[in-house]
Amino acid sequence: MQREIQYQLIKDAGKGPVARWFTRELAFSVRGSLKQIGEGCRLMPEFSGDGLIPCVAQNAVSGEVLMLEYMNREALSLTITSGYAHYWSRSRKRLWHKDERSGRTQQVESIYIDDDQNCVLLKVRLTGAAVWHACYRSCFFRRLVTTGMRARFKLEFVEQAKVYDPVQAYGGKHE
């Protein structure tokens, strides 16, 4: 028997060009047994105590990991229903559509959930060349390297050039 999907109003809907049209929150299944969670066919996401679930965005074409963000129920609902990536900003305490101001969006090709259903993986197609407000192709544009014999570390840039001008994209204010 197919269960009818129920919706709730989303408090922060209408913050971006896509979110404006999708204003309902999906009612996710209640968490079941370990077998149901790990091997079943129902989406039963586990949101942490602060109501968030980590989400990795990966380039659907190249396989490159682009960013790690967080979603609340509203962001996951909007991502599923709109087909565009939405996240919860922990610093700004609000829902946001990637990237509602610069126009460089992430169109979702597929959504994966891990075996414990406590982490989301989005495979996305980019409308622009970069995903991060510092204007590099990926949020992961530096790698940690050791220096010398002692436990000293530094960050080394793996991307040498920015993909676009942040002032032009954001008007001087970064998202």
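1. Let's start at helix 2. Asn 72 caps the N-terminal end of this helix, with a side-chain oxygen 3.2 Å from the backbone nitrogen of Glu 74. Keep in mind as you look at this that you have a predicted model in front of you.

2. Staying with helix 2, which covers residues 73-82, is it mostly covered or mostly open? Mostly covered: seven of its ten residues are buried. The buried ones are Glu 74, Ala 75, Leu 76, Ser 77, Leu 78, Thr 79 and Ser 82. So Glu 74 turns up twice here, since its backbone nitrogen faces the Asn 72 cap and its side chain is on the buried list, where buried means under 20% relative accessible area. Just after the helix comes Gly 83, with a positive phi near 85 degrees.3. Now the whole fold. The chain has three helices and ten strands, in the order β-β-α-β-β-α-β-β-β-β-β-β-α from the N terminus. Of its 175 residues, 38% are buried. Take the contacts in the chain with a separation of 6 or more: 46% of them link residues 24 or more positions apart. The chain exposes about 10,700 Å², and carbon and sulfur atoms supply 51% of that.

4. How far should you trust the model? The mean pLDDT of the chain is 75, with 63% of the residues at 70 or more. Which strands mark the extremes of confidence? Strand 1 (residues 7-9) is lowest, at a mean of 42, while strand 3 (residues 53-59) is highest, at 94. Go carefully with residues 1-19: pLDDT stays under 50 there, although the model has 44 contacts beyond four places in sequence for that stretch.

5. Strand 8 (residues 120-126) is a good one to trace, with two partners to look at. Strand 3 runs parallel to strand 8, joined by five bridges, and Cys 55 stands opposite Val 120 in strand 8. Strand 7 (residues 106-113) runs antiparallel to strand 8, joined by seven bridges, and here Val 108 stands opposite Val 124. Strands 7 and 8 also form a hairpin with six residues between them, and in the turn Gln 117 has a positive phi of about 55 degrees.

6. Another hairpin is worth a look. Strand 5 (residues 86-89) and strand 6 (residues 94-97) pair in the antiparallel sense over four bridges. Ser 89 has Arg 94 in strand 6 as its bridge partner. Four residues lie between the strands of this hairpin, and Lys 93 takes a positive phi near 55 degrees.

7. Find Glu 69 next, in strand 4 (residues 65-71). Which residues does Glu 69 touch, leaving aside those up to four places away in sequence? They are Ile 53, Pro 54, Cys 55, Tyr 87 and Trp 96. Pro 54 is 15 residues from Glu 69 along the chain, yet their C-alpha atoms are separated by 6.0 Å.

8. Last, the cysteines. How many disulfides does a search of the whole structure find? Zero. Cys 119 is in no disulfide, and the nearest cysteine sulfur, that of Cys 55, is 7.3 Å away. The cut-off for a disulfide is 2.5 Å between the sulfur atoms. As for exposure, Cys 119 counts as partly exposed because its relative accessibility is 24%, whereas Cys 41 is exposed, with a relative accessible area of 85%.

Methods:
Residues are numbered from 1 along each chain as its sequence is written. This is a predicted model: local features need pLDDT of at least 70, side-chain atom pairs count only at pLDDT 80 or more; totals for chains, interfaces and linings use all residues. Side-chain values use heavy atoms; hydrogens and water are left out. Helices (H or I, at least four residues) and strands (E, at least two) are DSSP runs, numbered from the N terminus. Buried means under 20% relative accessible area, exposed over 50%, partly exposed in between (1.4 Å probe, protein chains only). Contact means heavy atoms within 4.5 Å. Accessible areas come from the Shrake-Rupley method with a 1.4 Å probe; for residues, only the protein chains shown count as cover. Two strands pair if DSSP finds at least two bridges between them. pLDDT is the predictor's confidence in each residue, from 0 to 100. A polar contact is a pair of N or O atoms within 3.5 Å; within protein, one must be able to donate a hydrogen and the other to accept it, and residues adjacent in sequence count only if both atoms are side-chain atoms.
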